[in-house]
Amino acid sequence: MCVNDLVVQGAEPLFFLDYFATGKLDVEAARTIIAGIAEACRATGCALIGGETAEMPGMYAAGDYDLAGFAVGAVERSGVIDGRTVAVGDVVLGLASSGLHSNGFSLVRRVVEQAGIAYDAPAPFAPGKTLAEALLAPTRLYVKSCLAGIAAGGVKALAHITGGGLIENIPRVIPESVSVELDARAWKLPPVFRFLAETAGLERGELARVFNCGLGMVAVVDTARADAVARAFAAEGETVSRVGRVVPRPKDGAGTLILNTESEWPG
């Protein structure tokens, strides 16, 4: 389990194990990969206690490898965040993402192919970076900031916006009787998503169903504690915005409603 997915339940990550498989071990490549994992563990206060490295000749082409891993965390039963207390009127806070967060790359690769842009060419939306560097910006880790927000009191639900985007991830952490209503005017759509939408002609609904659209983590917070939680997030370095509210679930059953995309997003 990803450390961001642990903290949405109120759990503090304890340790991480990795799995690295390849046809023939490239020591330098493996060293770089493990160094990246160790850096992420340090950033989240999670111990890297080991893992497995496997060489399987014939299973992988030269230079290819398979990388996986999981984290284990802990939370007191009384402190589990499960969204059950989310109610109409609660405030929704959004924490800015650092980019694509490793999601939607099947679509991204197709867009890049159709656009005919080389990955080592300058990124049209990120001055000073190649397209590959801009698309592969590391996923932001929200562990310390979310733990600080939880400690401030009033956090009722947390949604890590991964595959499925804003449309599919938020409904998983709230009761079926309510929906989260977001206002697209409350945060800025990052250039990478604008580039993808304009280049591929993506519909706004599809953009929100595939990508995080600039919000890597969404918190549903008691109205009386919203400012305190926002300050706790900001103190840990997050760019936090009040992006919406909880409303009654509409008849069509949509768990995420996004208003004003027509004026703020391409499509």
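This report describes two sheets, the helices beside them and a few single residues in a predicted model.

## Basis of the description

The model is predicted: local features need pLDDT of at least 70, side-chain atom pairs count only at pLDDT 80 or more, and totals for chains, interfaces and linings use all residues. Residues are numbered from 1 along each chain as its sequence is written, and side-chain values use heavy atoms, with hydrogens and water left out.

Helices (H or I, at least four residues) and strands (E, at least two) are DSSP runs, numbered from the N terminus. Two strands pair if DSSP finds at least two bridges between them. Strands of a sheet pair through backbone hydrogen bonds, either parallel or antiparallel.

## The three-stranded sheet

Three strands make up an open sheet in the order 2-1-3, and the pairing is mixed. Strand 2 and strand 3 are the edge strands, each pairing on one side only. From one strand to the next the twist averages 15°; axes here are lines fitted to C-alpha atoms, for helices over the stretch in contact, and angles run from 0 to 180 degrees between N-to-C directions.

Strand 1 (residues 12-22) pairs with strand 3 in the antiparallel sense, over ten bridges. Within this pairing, Glu12 stands opposite Ala74 in strand 3. Helix 2 (residues 27-44) packs on the sheet and touches strand 1, strand 2 and strand 3; contact means heavy atoms within 4.5 Å. The direction of helix 2 makes about 170° with that of strand 1.

## Met56

The loop between strand 2 (47-55) and strand 3 (65-74) contains Met56. Is Met56 buried or exposed? Met56 is partly exposed, with a relative accessible area of 27%; buried means under 20% relative accessible area, exposed over 50%, and partly exposed in between, for a 1.4 Å probe and protein chains only.

Not counting residues up to four places away in sequence, Met56 touches Tyr19, Ala21, Thr22 and Gly23. Leu25 is 31 residues from Met56 along the chain, and their C-alpha atoms are separated by 9.3 Å.

## The six-stranded sheet

A further open sheet is formed by six strands in the order 5-7-4-8-6-9, with mixed pairing. Strand 5 (155-160) and strand 9 stand at the edges with a single partner strand each, so one side of each is left without a neighbour in the sheet. Neighbouring strands of this sheet are turned by 30° against each other on average, direction ignored.

Strand 6 (residues 178-183) and strand 9 run parallel and are joined by four bridges. Glu181 has Leu257 as its bridge partner in strand 9, and Leu182 has Ile258. The side chains alternate along strand 9 (residues 256-259): Thr256 and Ile258 point to one face and are buried, while Leu257 and Leu259 point to the other and are not.

## Helix 5 and helix 9

Both of these helices pack on the six-stranded sheet. Helix 5 (residues 143-152) touches strand 4 (91-96), strand 5 and strand 7 (215-221), and its direction makes about 165° with that of strand 5. Helix 9 (residues 226-235) touches strand 4, strand 5, strand 7 and strand 8 (240-248), and its direction makes about 10° with that of strand 4.

Helix 5 and helix 9 pack at an angle of about 155°, with their axes 8 Å apart. That makes helix 5 roughly antiparallel to helix 9; angles under 35 degrees count as roughly parallel, over 145 as roughly antiparallel, 65 to 115 as roughly perpendicular and the rest as oblique. In this contact, Ser145, Cys146, Ala148, Gly149 and Ala152 of helix 5 meet Ala228, Val229, Ala232 and Phe233 of helix 9.

## Helix 7 and Gly214

In helix 7 (residues 191-200), the residues Val192, Phe193, Phe195, Leu196 and Ala197 are buried. Their cover includes helix 3 (105-115), helix 4 (131-135) and helix 8 (204-210). After helix 7 comes Gly201, whose phi is positive, near 65°.

Gly214 is placed in the loop between helix 8 and strand 7. This residue, Gly214, is buried, with a relative accessible area of 4%. Leaving aside neighbours within four places in sequence, Gly214 is in contact with Leu95, Ala96, Ser97, Trp187, Pro190 and Phe193; Phe193 is also one of the buried residues of helix 7. Gly214 and Leu100 are 114 residues apart in sequence, and 8.3 Å apart in space from C-alpha to C-alpha.
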